[in-house]
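Visitor: I've got a multi-chain model open and I'd like to learn how to read it. Where do we start?

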Amino acid sequence: MEGPRRRERIERGIKVRSDSVYALSSLEDLCYLAAPRVLLVAGLLLMPLFLAPLPYWNRVALSACVLAFLALSFDFLANHAGLLCLGGAFLYGVGAYAAALLNAELGLPVALSIPLGTVLGALFCTLAILPCLSLRGIYFALVTLMYPLLMSRLIEATGALGGTEGFRGIDGFGSRWVEEYALIGVLLAATFGLRRFVTEPAGLVIQAVKDDDQAVRAAGISVTWCRTKAVFVASLSGCFAGAYYVHMYQSVGVSAFALDLSILPIAAVVIGGPGTLLGAVLGSLLLVPLGELLRDFGSLRIAAYALILTVVVVLRSEGLLPFFARKYHQLERWTEV
Amino acid sequence: MDRGVSDEPLLVVSGLSRRFGGVVALDGVDLSVRAGEVLGIIGPNGSGKSTLVNCISGFVRPTGGSVRFRGRAITHLAPHRVAALGLTRTFQTLRPFHRLPAYQNLVVPLSSPRVRRLEGGRGRGHRGERDAQAIDILEELGFERDSRVPYQVASQLPTGHLKRLELARCIALRPQVILCDEIFSGLSPSEIASLVPLLGKLTEQGIALVMIEHRLRALFQVAGRVMALDRGRKIVEGGPRAVVEHPAVREAYLGLEEVPS
Amino acid sequence: MEVLIYGSVQSASLFIMACGFSLVYGITRLPNFAHGALYVFSGYAAWVFLQRLGLPYPLAALLALAAAAALGVAIYQLVLRRIRGMEMSEVIATYAVGLVILEGLRWAGVRGTTHSLPVFADGNVTVLGVPIDYQRIAIVVVALALLGLLSAFTHFSRAGRALRAVAQDERAAMMLGIDPDRTATVAVALGSVLAGAGALVLLPLGSIVVQEGYKVLIYAIAVCVVGGLGSWTGTVLASLVLGFAQYVTAFYGKAHYQMVVMLAAIVLTLLVRPSGFLGRQKELEERV
Amino acid sequence: MRKSFALTTVGLALVVGVCVAVFPGGGRDDTIVIGAPLSTAYLYGWSAERGIRLAVEEINSEGGVDVGGTLRPLALEVIDTRDLEPGVPVDDAIKAVEKLILQKRVDFLVGGPVRSEAALAVMDLVSRHQRVSIITTGVLSPAYHKAVADHYDEYKYCFRITSDVVTLADDLMAVFEEFRAGFGLGRVFVMVQDVAHARAAGDYVKKLLGERGFPVVGHEIYPTGTTDFAPGLLKAKREEAQILFIWMDMPETAILLKQRRDLGLDCLPLGFMSAAEQPGFWEASQGSAEHAVVDLINGGNARGNITPWTARFVAAYEERWGLEPEGYGASSSYMAVYALKDAIERAGTIEPEAVVAALESIDLEGVYGRIRFDPESHQVVPSTDPTRGAVGCVFQWQDGERVAIWPAAAAVGTLQLPPKAK
């Protein structure tokens, strides 16, 4: 054998250039940068076509997209706004009930009940979480963990909103293509919209709050107001998931506040790459089908999610997306030491 | 005041007190600063200097006394409201937004309601325009425009740059009073030397500075007036020389190496 | 009178459920979300030793406590040690570990009423005109004993003092030659033993089901949050308040509002006093 | 390089594995596939599965179902809906049923989902995919057949071959009357689980008892998974309740009975208690079930002589599974497969519309009486007379034995009281 070697990583030249503010000109450079994004967009857009012969897996893919919204909302809140929200199910459930009420009770068509349900639900969530915004770290996590539980217990105990039975008779989408492309379209818009948002001034301020809330206050900006905005944005994403899902399965019940809905998005985010938002989507698209393969094993599914989650957290892994990004942007070679 | 120069003091603090449990951190401190003036505050460790800054800027609620800024009582205002009125501060420990590049650190104050208002409420403003503004301010503070420094993530910057970034963040807010909490500490003499004229430039613009310092030699280059704190009380106030030679100050500082004689 | 007696029983149960969580958080600032899982795990372990292996009760109980402690040590050494200080990771990791244990047990067949632990003594007596079974009396006795033992332990034994030192100032304790990793391991193990002891006392009233784990976690968190995280007196006080609140709800109102009362208590407490009855978060908030 | 080879192998193996798992099962031959979404880890799940499997095996051993002249065999796909487990979201059941329909390509659904909430939630799914579904167990909420009656066009594929809460409550009134007439017991304390059918049962029974002049001295609702019943039991003791009316399908009911004995209550438990149905419960509860009166919903779930088929069913079940029918779900699930066979044979096709029409006109002498469906609500027609409709079954635990005491047609023993309660 030759002498000791080590693997050396070199950044591709174009990566270095594109990191600074200088504009890129050559077509080749543009293709290089756009390729991963185009791949994702095209993949999502073509998915319903590929999966048409596999109707069940098509539905699973849709569930994965729904979950991606929750993962996006968790990722945004936790890794950009610094609010560890363990109650994703709360956002989801509120969105679900809001859309269901609008559609079944007020008779609004699907095209109205989903957007209205999303916005009204997000308002409700924001108002509900508002009092907790002065809480930090673990306290916020604890209270948000309680919220979905409190909601489901309240609905069960009072029998309001259909009580334990929930209610049915909610409109479906009519066409399969509308159902699928509406979801995929909104998912793409939400993902890239959020990625854009965090680089806008308002998004930067929210990120700054996570780094140092006191310094933000010293800059004359109300931290509570920033967090309120962040919660609202995250709620929009979470509530949309619920609102959409209600129409997908045409029924709603207290299980819209189930624990799974809080834990799965977290796993998706941690595995996909925290803080990248795209990673959240990637994680959901991987985890949900994986869980589906485990469906026959009942509760082993949740245990498997949790186990993966633990391992990834303990190894302090960067997540899949940053890993792939690094591989994409770097050349590797062996060098003599 | 935005309208013009006046002899009225910008900031008047009277009888400010703060107790933490049984410990008296501040005990009836008075001070006042006019536009363009630099007030130095010295005192041994634990004399209540930082608490004073915290109380004035609203981060800690005083237990007694009052703070008036431009004739308006701001004693119990939340910190961001105080800052929005034009009174801001630096932090003793470095607190950059460490995940953001240096210039984006300034985007935070630049997109605050105060700056938007001062710019005539031109709405959200252009992203590029705001970035350009940030880079302009950084250049004034010695971040070379064409180097990579302004684009580097804050967590990778050296202490000297972070100190200046801290100040830049205050300046971006276009304040009338800046409370500086030990901005010279941890800097090399050459770095301090480059910072001093900058502070002079700020006072020329009519900004009042309240500087808490241990580096007395540097402080006396900029401060026209100095007050000394000990155990939460003001012991003396006046010209730098007079204060340093005051026996009570010398006693309080005994053992501290940097007392110029 | 019934409210008084059964309210105390309820408070005692709450205290038993919460003391492990409170101890771990108080010493290490680790929110042990796997607390409920440890509780159910210990119960299941005791059941296995008792029913499957046919060991005598005291031995089975001891072994179950040892198993709980071992699991606690394993959790700390394998999982928590690597992510100390990263608050978000701590929460997610302990929560996930708890889920692995609970859902794993569920998969292994811990459900229904097939698994139950024996009561210490069968039968009931009438105290002041109210019938009460021996097990419930045992709960109160054990709660008082735990309270006494714990305060004696932390105040008088050397290990306990080390724990307290770390709780107050980790860095200073390190300089005094106390290894915070070791004390944290001890604390987590101790917390697990407390969870296990709770299981041995409380589970005979019901049966060993996974759902209990989630319930215990919620109750523990409720008590600790309402009392103020990390405060012993707060934990005791909150157990009393919530225990009686729960029993009064069931007594005068409806049983199915019990959980609502619990959850609402958390949310309300945090809104009115973000640090709980006796917590110290307010001071933290003024950190600059 | 060895590492990358290993990685590639693992990757390929994974891809192949996933492909095998992903593609929908089997080529379509002439088998008729019955899907059974059941919470298989629980009594109602497994007893229903055994009932269905028994019927499928019996039918196949005779060649299968005669569809327009050709004999087609039945196949059974069981999936775990987990809906009886506390804390498991209804969503799991919905996904499971969807998997049966889309992935396993079942033609009919028999069985569950077992919990009312889940069954109600999948109604839309079942209708969208036009699968005829016969609910056989667990689902007791009147909301189910009400939904069919109110929105016939949407939900016409949904049938239920087991009784609903209203029928059961009416049945139980007869038992209450027997208590009052025979032993002078009348003060009732109601304890129900916090699920749709149980709440409905609690309210309805309370109303009926009020009308008949039984004093109802308390009404408690417990969330699924409750293990501490002491507050309610003490309340019952204070109010000197004589009958404890229980309506719960959770296993924790066993704890309730145990605590009742531990607290020294004299009142007699009566009602729907899934945990107390099994023959093995006597042992498990260390005898605390003595004298408990338990509703088994449908006849044939315990020994009895309702129709000639009852004894035949019990014998066949014992031979196949080695123990007598354990509880609710066994006879009705068994019956549902035969009802489906009858309907398919009369329709001559497995087209859903035709099968729905055939089921609406079914008239069969079954295990627990005459099986007919109400053509509007698709609910099995109930009766206390086996020659006119489907009958129920109530038994009492007497010295370790399940003794059927009601209805008269099926009774093998009479109601007894513990000495203290008299």
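Guide: Start with pLDDT, which is the predictor's confidence in each residue, from 0 to 100. You need it here, as this is a predicted model.

Visitor: Okay, take chain C. Where is confidence lowest, and where is it highest?

Guide: The low point in chain C is helix 12 (residues 281-285), with a mean of 41. The high point is helix 3 (residues 57-80) of chain C, at 87. For the chain as a whole, the mean pLDDT is 78, and 82% of the residues reach 70 or more.

Visitor: And over which residues of chain C does pLDDT stay under 50?

Guide: That's residues 281-288 of chain C. The model has 9 contacts beyond four places in sequence for that stretch.

Visitor: What is the rest of chain C made of?

Guide: Count the elements, then read their order. Chain C has 12 helices and 2 strands. Along the sequence, the pattern is α-α-α-α-β-β-α-α-α-α-α-α-α-α. Then look at burial: of the 288 residues in chain C, 58% are buried. For sequence range, take the chain C contacts between residues at least 6 apart: 74% of them join residues at least 24 apart.

Visitor: How many residues does each side bring to the contact between chain A and chain C?

Guide: Chain A brings 35 residues and chain C brings 34. On the chain A side, the elements that give two or more residues are helix 6 (137-158), helix 11 (260-272) and helix 13 (300-314). Helix 6 of chain A gives the most, 13 residues. By residue type, the chain A side splits into 27 nonpolar, 6 polar and 2 charged.

Visitor: Let's try a single residue. Why is B:Gln133 classed as partly exposed?

Guide: For a single residue, count its neighbours. A residue is buried with 20 or more other C-beta atoms within 10 Å of its own, and exposed with 12 or fewer. B:Gln133 is partly exposed because it has 19. This residue sits in helix 5 (residues 127-140) of chain B. To compare sequence with space, take B:Gln92: B:Gln133 is 41 residues from it in sequence and 26 Å from it in space, C-alpha to C-alpha.

Visitor: Now chain D. Which domains does its assignment give?

Guide: Check whether the pieces of a domain are continuous in sequence. In chain D, domain 1 covers 32-163 + 304-371, while domain 2 covers 166-296 + 392-406. Their C-alpha centres lie 28 Å apart. Where they meet, 18 residues of domain 1 of chain D are in contact with 19 residues of domain 2. Helix 2 (43-61) and helix 4 (116-128) of chain D are the elements that give two or more residues to the domain 1 side. That side divides into 8 nonpolar, 6 polar and 4 charged residues.

Visitor: In what order do the strands of the open sheet in chain D come?

Guide: Read across the sheet, from edge to edge. The 7 strands come in the order 9-8-10-11-12-15-16, with mixed pairing. Strand 9 (216-222) and strand 16 (401-406) of chain D are the edges, each pairing on one side only. On average, neighbouring strands are turned by 20° against each other, direction ignored. Strand 15 (residues 394-398) and strand 16 of chain D run antiparallel, joined by 5 bridges. D:Gln398 stands opposite D:Glu401.

Visitor: What does helix 9 of chain D touch on the sheet?

Guide: Helix 9 (residues 230-238) of chain D touches strand 8 (188-193), strand 9 and strand 10 (243-248), and its direction makes about 175° with that of strand 9. Helix 10 (residues 253-262) of chain D lies across strand 10 and strand 11 (268-273), at about 160° to strand 10.

How values were computed:
Residues are numbered from 1 along each chain as its sequence is written. Chains are lettered from A and ligands numbered from 1 in the order in which they are written. This is a predicted model: local features need pLDDT of at least 70, side-chain atom pairs count only at pLDDT 80 or more; totals for chains, interfaces and linings use all residues. Domain bounds come from an automatic or database domain assignment. Two residues are in contact if their C-beta atoms, placed from the backbone, lie within 7 Å. Helices (H or I, at least four residues) and strands (E, at least two) are DSSP runs, numbered from the N terminus. Ala, Val, Leu, Ile, Met, Phe, Trp, Tyr, Cys and Pro count as nonpolar, Asp, Glu, Lys and Arg as charged, and the others, Gly among them, as polar. Two strands pair if DSSP finds at least two bridges between them. Axes are lines fitted to C-alpha atoms, for helices over the stretch in contact, and angles run from 0 to 180 degrees between N-to-C directions.
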